[in-house]
Amino acid sequence: HFFWVGVPGERGAKHDPVFVLQCLQRALKMADTCMTSNVGLFLQILNEYLYHYNQNNPSIRLEFINSLIELIQTHIENTEDPDQRAKAEAFFNNTIDHIR
């Protein structure tokens with residue numbers, strides 16, 4: 001969380017919402033480029049989006065999170081390895097439960 005440190009108004013707090021969004025978008029592009037059948041990387045990125053959304057980063061909008069959730073669901077459905085699919089589904093379901 002290099003670009004989102006501390007609580008707003010506190011001494012030493014540093015927030016750069018636009019740069020956070022740019023970094024998360026780059027992470028998604030890189031994950032998509034190196035994607036095989038491992039959905040875990042997208043799930044980690046989703047959790048970063050959720051962290052920054054919960055920290056009231058104005059650049060992280062709900063439509064980004066919803067699009068990422070749909071992308072992850074598609075990748076899970078296309079995962080052929082049953083063990084990887086089960087792990088991804090468990091990770092995904094835990095994340096969704098946390099959102100609720």
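Leaving aside its neighbours within four places in sequence, which residues is Leu68 in contact with? I will start there and work outwards. Please keep in mind that this is a predicted model.

With those sequence neighbours set aside, Leu68 is in contact with Leu28, Phe42, Ile45, Leu46 and Tyr49. Leu68 also belongs to the largest nonpolar core, which has 21 residues. Within that core, the residues that touch the most other members are Leu46, Tyr49, Ile65, Leu68, Ile72 and Phe92. At least two residues of this core come from each of helix H1, residues 17-33, and helices H2, H3 and H4. H2 gives the largest share, six residues.

Now the helix pairs. Two packed helices are described by the angle between their axes and by the distance between the axes.

Take H2 and H3 to begin with. H2 covers residues 40-54 and H3 covers residues 62-77. They pack at an angle of about 160 degrees, and their axes are 10 Å apart. Angles over 145 degrees count as roughly antiparallel, and H2 and H3 are therefore roughly antiparallel to each other. H2 passes H3 in a left-handed crossing. On the H2 side the contact is made by Phe42, Leu43, Ile45, Leu46, Tyr49, Leu50 and Tyr53. On the H3 side we have Leu62, Phe64, Ile65, Leu68, Ile69, Leu71, Ile72 and His75. By class, the residues of this contact are 14 nonpolar, one polar and no charged.

Next, H3 and H4, where H4 is residues 82-99. This pair packs at about 155 degrees, with the axes 10 Å apart. H3 and H4 are therefore roughly antiparallel to each other as well, and their crossing is left-handed. H3 brings Ile69, Ile72, Gln73, Ile76 and Glu77 to the contact, and H4 brings Arg85, Ala88, Glu89, Phe92, Ile96 and Ile99. Here the classes are seven nonpolar, one polar and three charged residues.

One last residue on H4. Is Thr95 buried or exposed? Thr95 lies in helix H4. Its relative accessibility is 4%. Buried means under 20%, so Thr95 counts as buried. What is Thr95 in contact with, leaving aside its neighbours within four places in sequence? The residues are Leu46, Asn47 and Leu50. Leu46 came up earlier, as a contact of Leu68 and as one of the core residues that touch the most other members.

That is where I will stop.

Definitions and conventions
Residues are numbered from 1 along each chain as its sequence is written. This is a predicted model: local features need pLDDT of at least 70, side-chain atom pairs count only at pLDDT 80 or more; totals for chains, interfaces and linings use all residues. Side-chain values use heavy atoms; hydrogens and water are left out. Axes are lines fitted to C-alpha atoms, for helices over the stretch in contact, and angles run from 0 to 180 degrees between N-to-C directions. Helices (H or I, at least four residues) and strands (E, at least two) are DSSP runs, numbered from the N terminus. Angles under 35 degrees count as roughly parallel, over 145 as roughly antiparallel, 65 to 115 as roughly perpendicular and the rest as oblique. A crossing is left-handed if the near helix is turned anticlockwise from the far one by less than a right angle, and right-handed if clockwise. Contact means heavy atoms within 4.5 Å. Ala, Val, Leu, Ile, Met, Phe, Trp, Tyr, Cys and Pro count as nonpolar, Asp, Glu, Lys and Arg as charged, and the others, Gly among them, as polar. A nonpolar core is a set of buried Ala, Val, Leu, Ile, Met, Phe, Trp, Tyr and Cys residues joined through side-chain atoms within 4.5 Å. Buried means under 20% relative accessible area, exposed over 50%, partly exposed in between (1.4 Å probe, protein chains only).
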